[in-house]
Amino acid sequence: MESRTRPRLPPTEAPPSRIERLCIERGLKMTGQRRLIARVLSEAEDHPDVEDVYRRALALDSKVSIATVYRTVRLLEENGILEKRDFGGGRARYDLADRGHHHHLIDVDSGRVIEFADKEFDALAQRLAQRLGFDLVGQRLELFGRKPTEAPRTTPRRRAGGDT
């Protein structure tokens with residue numbers, strides 16, 4: 001009797017994340033926990049702080065320690081893979097260093113960070129630097145804002161004594 005099942009191939013590892021590839025290119029040793037932290041950071045769609053990274057990594061591996069996360073984030077920052085951002089709130093948050101030129105608008109109420117690029121602002125920054133006698137070599141714009149609250153709607157008042 002012939003078997004109809006296909007031979008199983010050994011499970012393959014997921015392809016390296018963006019940060020893992022950058023680490024390998026820079027010659028950094030990639031331990032299992034560093035790979036996990038690199039994957040968490042690569043998949044982040046926000047700007048996590050170390051505590052956020054730790055919670056996300058811990059959900060995937062109960063053995064990861066906060067100290068390992070701190071050391072790994074510092075190593076990635078020292079090697080130009082991550083950039084530290086200060087969006088207020090007393091905690092450093094992180095952004096991939098190779099994400100291209102962009103700016104940030106921070107909602108001071110929710111902490112939400114909105115990334116944007118603006119050619120008009122970039123041109124203005126260039127003109128300002130030139131006007132002041134400098135060649136612009138870099139710039140970063142971080143705006144802090146709050147969405148306006150809507151004024152409460154009022155119902156029209158009836159005039160006293162007369163509408164019938």
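A residue counts as buried here when its relative accessible area is under 20%. Keep that cut-off in mind, since this is a predicted model and much of what follows is about which side chains are tucked away.

**Overall layout**

The protein has five helices and five strands. Reading from the N terminus, the order is α-α-α-α-β-β-β-β-α-β. Of its 164 residues, 27% are buried. If you take the contacts with a separation of 6 or more, 46% of them join residues 24 or more positions apart.

**Two helices with a buried face**

Let's start with helix H1, which spans residues 18-25. Which of its residues are buried? They are Ile19, Glu20, Leu22 and Cys23. These four cover an arc of only 160° around the axis, so they sit on the same side of H1. There is a simple bit of helix geometry to recall: an α-helix has 3.6 residues a turn, so residues three or four places apart point the same way. The cover over the buried residues of H1 includes helix H2 (32-43), helix H4 (66-78), strand E1 (82-86) and strand E2 (92-96). Just past the end of H1, Gly27 adopts a positive phi of about 80°.

Helix H3 (50-60) can be read in a similar way. Its buried residues are Val50, Asp52, Val53 and Ala57. Looking down the axis of H3, you find them within an arc of 160°, so they line one face of the helix. Their packing partners are H2, H4 and E2.

Here are the two helices side by side:

| Helix | Buried residues | Arc | Packed against or covered by |
|---|---|---|---|
| H1 | Ile19, Glu20, Leu22, Cys23 | 160° | including H2, H4, E1, E2 |
| H3 | Val50, Asp52, Val53, Ala57 | 160° | H2, H4, E2 |

**How H1 meets H2**

The axes of H1 and H2 are 7 Å apart, and the helices pack at an angle of about 125°. Angles that are not under 35 degrees, over 145 or from 65 to 115 count as oblique, and H1 and H2 are therefore oblique to each other. On the H1 side, the contact uses Arg18, Ile19, Glu20 and Ile24; H2 brings Arg35, Ala38, Arg39, Leu41 and Ser42. By type, the residues of this contact split into four nonpolar, one polar and four charged.

**The main core**

Ile19 and Leu41 turn up again in the largest nonpolar core, which has 22 residues. Together with Leu82, they have the most contacts inside it. At least two core residues come from each of H1, H2, H3, H4 and E2, and H2 gives the most, with five. What does Leu41 touch, leaving aside neighbours within four places in sequence? Its contacts are Ile19, Pro48, Val53, Val73, Leu76 and Leu82.

**A look at Ala125**

Further along the chain, Ala125 lies in helix H5 (residues 119-131). Is Ala125 buried or exposed? It is buried, because its relative accessible area is 11%, against a cut-off of 20%. Not counting residues up to four places away in sequence, Ala125 touches Leu136 and Gln139. Leu141 is 16 residues from Ala125 in sequence, and their C-alpha atoms are 10.0 Å apart in space.

Technical notes: Residues numbered from 1 in each chain as written. Predicted model: local features only at pLDDT ≥ 70, side-chain atom pairs only at ≥ 80, totals over all residues. Heavy atoms only, no water. Buried < 20%, exposed > 50% of the residue type's maximum accessible area, 1.4 Å probe, protein only. Arc of directions from axis to C-beta. Contact = heavy atoms within 4.5 Å. Core = buried A, V, L, I, M, F, W, Y, C linked by side-chain atoms within 4.5 Å. Axes fitted to C-alpha atoms, helices over the stretch in contact; angles between N-to-C directions. Nonpolar A, V, L, I, M, F, W, Y, C, P; charged D, E, K, R; others polar.
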